[in-house]
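Subject: Structure to look through

Dear colleague,

Here is the structure I promised to hand over, with the sequence alongside it. Please open it first, and then read my notes below with the picture in front of you.

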Amino acid sequence: MKHKLLISVAVMSLYLPLSTSFAAQAGQQEMMQDVAALQSEWARIKYQVNDEKLQLSAIEKLEQQAEQTSAKYADFAEPKIWQGIILSTDAGIVKGLSALGKVKEAKKLFEASLEQNPTALNASAHTSLGSLYYQVPGWPIAFGSDDKAEQHLKAALEVNPDGIDANYFYADFLMENKRYDEARHYFEKALSAKPRADRPVADAGRRHEIELAMAKLAGLKK
């Protein structure tokens, strides 16, 4: 009887990791579905809503959804990344010093996600954090730093060398720093990136931004 009990316990121990694995996979799949919903709505708001007041109202509503998603999946980096992106987008609409609070909150979310998983969503936290570093003012107003910006943007490119966003933001950074030949190279790489089947609206909007940036770059080089 004792041996049968030991065998039963041993058999259970074989099944437990498998069932735990299935539960973890199911939780991750559910999390990615919720993140995909944030991505889709963000792209709609950013690229298809033209009225600034409506855009701001919609992004603020999405912030609440993103915060809930981050809280629900606290053990995952991906929801934090998208909560940070949404907050950054809000700050970009509002602009000025009044937006710094949300920018700083986004920075903390990107940093927290990097601690959890630095390669999540093709290292999007590095891309997003790098873009903040070169777009916000430096000390004493904020935390802007071209050195840190380039560090994070290059880290993103190491993970995702052909990605549209990683190349676009590095190119934009280079253009801001008057490194025009390098900027053109990375804009061209961004423009030639393979379309993402699950993100057609975001890709179309980003390609339009790249084309505008390249036209601006051509004017700056004259």
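The crossing of α4 and α5 is left-handed, and the residues that make the contact are Val103, Ala106, Lys107, Phe110, Glu111, Ser113 and Leu114 on the α4 side, with Ala125, His126, Ser128, Leu129, Leu132 and Tyr133 on the α5 side. The angle between α4 and α5 is about 145°, and their axes lie 9 Å apart. Please keep in mind that this is a predicted model, and that the values I quote are computed from it.

Helix α5 also packs with α3, and here the angle is about 30° while the axes are 10 Å apart. From α3, the residues in this contact are Glu78, Ile81, Trp82, Ile85 and Ser88, and from α5 they are Ala120, Leu121, Ser124, Ala125, Ser128 and Leu132. The crossing of α3 and α5 is left-handed as well.

It is worth staying with α5 for a moment. This helix covers residues 120–135, which makes 16 residues, and it reaches 23 Å from its first C-alpha to its last, close to the 22 Å expected at 1.5 Å a residue. Is α5 largely enclosed by the rest of the structure or largely open? Since buried means under 20% relative accessible area, one can go through the helix residue by residue, and 12 of its 16 residues turn out to be buried, so α5 is largely enclosed by the rest of the structure. Among these buried residues are Ala120, His126, Leu129, Gly130 and Tyr134, and the buried residues of α5 pack against α3 (78–94), α4 (100–116), α6 (146–159) and α7.

Leu121 deserves a separate look. It lies in helix α5, and it has a positive phi of about 50° although it is not a glycine. Its relative accessibility is 21%, so Leu121 counts as partly exposed, given that the limit for buried is under 20%.

A second residue with a positive phi that is not a glycine is Lys178, where the angle is about 60°. Lys178 sits in the loop between α7 and α8 (180–191), and with a relative accessible area of 64% it is exposed.

There is also a peptide bond to note: the one from Trp139 to Pro140 is cis, with omega near 10°. You will find Pro140 in the loop between α5 and α6.

From there you can move on to Leu153, which belongs to helix α6 and counts as buried, at 0% relative accessibility. Which residues does Leu153 touch, not counting those up to four places away in sequence? They are His126, Thr127, Gly130, Ser131, Tyr134, Phe169, Tyr170 and Phe173. Leu153 and Leu129 are 24 residues apart in sequence, and their C-alpha atoms are 8.1 Å apart in space.

Elsewhere, Ser70 lies in helix α2 (residues 52–72) and is buried, with a relative accessible area of 7%. Its side chain makes a polar contact of 2.8 Å with the side chain of Gln83. Leaving out residues up to four places away in sequence, Ser70 touches Gln83 together with Pro79 and Lys80.

For the interior, the largest nonpolar core has 58 residues, and those with the most contacts inside it are Trp42, Ile86 and Phe187. Helix α7 (residues 164–176) gives the largest share of this core, with 9 residues. If you select Phe187 and set aside its neighbours within four places in sequence, you should find it in contact with Tyr168, Ala171, Asp172, Met175, Ile210, Ala213, Met214 and Leu217.

Finally, here is the overall picture. The protein chain contains 9 helices and 0 strands, and of its 222 residues, 41% count as buried. Of the contacts in the chain with a separation of 6 or more, 60% are accounted for by residues 24 or more positions apart.

With best wishes

Notes. Residues are numbered from 1 along each chain as its sequence is written. This is a predicted model: local features need pLDDT of at least 70, side-chain atom pairs count only at pLDDT 80 or more; totals for chains, interfaces and linings use all residues. Side-chain values use heavy atoms; hydrogens and water are left out. A nonpolar core is a set of buried Ala, Val, Leu, Ile, Met, Phe, Trp, Tyr and Cys residues joined through side-chain atoms within 4.5 Å. Buried means under 20% relative accessible area, exposed over 50%, partly exposed in between (1.4 Å probe, protein chains only). Helices (H or I, at least four residues) and strands (E, at least two) are DSSP runs, numbered from the N terminus. Contact means heavy atoms within 4.5 Å. A polar contact is a pair of N or O atoms within 3.5 Å; within protein, one must be able to donate a hydrogen and the other to accept it, and residues adjacent in sequence count only if both atoms are side-chain atoms. The expected span of a helix is 1.5 Å times one less than its number of residues. Axes are lines fitted to C-alpha atoms, for helices over the stretch in contact, and angles run from 0 to 180 degrees between N-to-C directions. A crossing is left-handed if the near helix is turned anticlockwise from the far one by less than a right angle, and right-handed if clockwise.
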